[in-house]
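Colleague: I would like to learn how to read a ligand site and a few backbone features in a model of this kind. Could we go through them one at a time?

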Amino acid sequence: MATIFTKIINREIPATIVYETDTVLAFKDIAPAAPIHILVVPKKEIPTINDITPEDKNIIGDMYLAIAHIAKELGIAEQGYRVITNCNEYGGQEVFHLHFHLLGGKKMGALV
Ligand code: 5GP
């Protein structure tokens, strides 16, 4: 089912887009949890990690390549950053369109 991220991908609602490829879009999180908080999403509608299929392997690789590219562009590659994907209720997922949170710009604390 289409989510708010599909609307952002289709430019139906605004977002601060920082990077785009044929398969991936990256934009600033509306409620940043760190000085740098970018969401990296596949253009294909994949609700959760549980829904990834073997045919999505290239897309997942594209998402990580996008993260590495953005981190370099934003100057945080060397100091480091954190990448998180939440899955379903216990993982704290709120938007059911697969995404990576790219968090940086400060030293991260405990994982949970
Ligand atoms: P989740 O909890 O599903 O892992 O993360 C969803 C993220 O999407 C949250 O960090 C939330 O702030 C962000 N978010 C929700 N709605 C919007 C929106 O309309 N625009 C943007 N840019 N981010 C959003």
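Modeller: We will take the ligand site first and then turn to some individual residues, keeping in mind throughout that this is a predicted model.

Colleague: How many residues surround the ligand, and which are the closest?

Modeller: A residue is counted as near the ligand if one of its heavy atoms lies within 4 Å of it. Here 16 residues surround the ligand, and the closest are Asp29, Asn86, Glu94, His99 and His101. By residue class, this shell divides into eight nonpolar, five polar and three charged residues.

Colleague: Which element gives the most to the shell around the ligand?

Modeller: That is H1, with three residues. Helix H1, spanning 4-9, and strand S2, spanning 24-28, each supply at least two residues of the shell.

Colleague: Which backbone atoms lie at what distance from a nitrogen or oxygen atom of the ligand?

Modeller: For polar contacts, one looks for a pair of N or O atoms within 3.5 Å. A backbone N or O atom of Lys28 is placed 2.9 Å from a nitrogen atom of the ligand, and for Ile30 the corresponding distance from a backbone N or O atom to a ligand nitrogen is 3.3 Å. Glu94 brings a backbone N or O atom to 2.7 Å from an oxygen atom of the ligand. Of the 520 Å² of accessible area that the ligand has on its own, the protein covers 84%.

Colleague: Where does the ligand sit?

Modeller: The ligand sits in the largest pocket.

Colleague: Is Gln93 buried or exposed?

Modeller: The cut-off for buried is under 20% relative accessible area, and because Gln93 has a relative accessibility of 8%, it counts as buried. Gln93 is found in the loop between helix H3 (88-91) and strand S5 (100-104). Gln93 and Met63 are 30 residues apart in sequence, and their C-alpha atoms are 18 Å apart in space.

Colleague: What should I look for in the phi angles, and which residues does that concern?

Modeller: Most residues other than glycine have a negative phi, so a positive value is worth noting. Arg11, which is not a glycine, has a positive phi of about 60 degrees, and this residue lies in the loop between H1 and strand S1 (17-20). Asn88, also a residue other than glycine, has a positive phi near 55 degrees, but is found in helix H3.

Colleague: How do Arg11 and Asn88 stand in terms of accessible area?

Modeller: Arg11 is partly exposed, with a relative accessible area of 46%, and Asn88 is likewise partly exposed, at 31%.

Terms used:
Residues numbered from 1 in each chain as written. Predicted model: local features only at pLDDT ≥ 70, side-chain atom pairs only at ≥ 80, totals over all residues. Heavy atoms only, no water. Polar contact = N/O pair within 3.5 Å; in protein donor to acceptor, adjacent residues only side chain to side chain. Areas by Shrake-Rupley, 256 points an atom, 1.4 Å probe, with all protein chains shown as cover. 1 Å grid on protein atoms, 1.4 Å probe; cavity = no way out; pocket = protein on both sides within 12 Å on 5 of 7 lines; lining within 4 Å. Sits in = over half its atoms within 2 Å of the grid points. Helix = DSSP H or I, 4+ residues; strand = E, 2+ residues; numbered from the N terminus. Nonpolar A, V, L, I, M, F, W, Y, C, P; charged D, E, K, R; others polar. Buried < 20%, exposed > 50% of the residue type's maximum accessible area, 1.4 Å probe, protein only.
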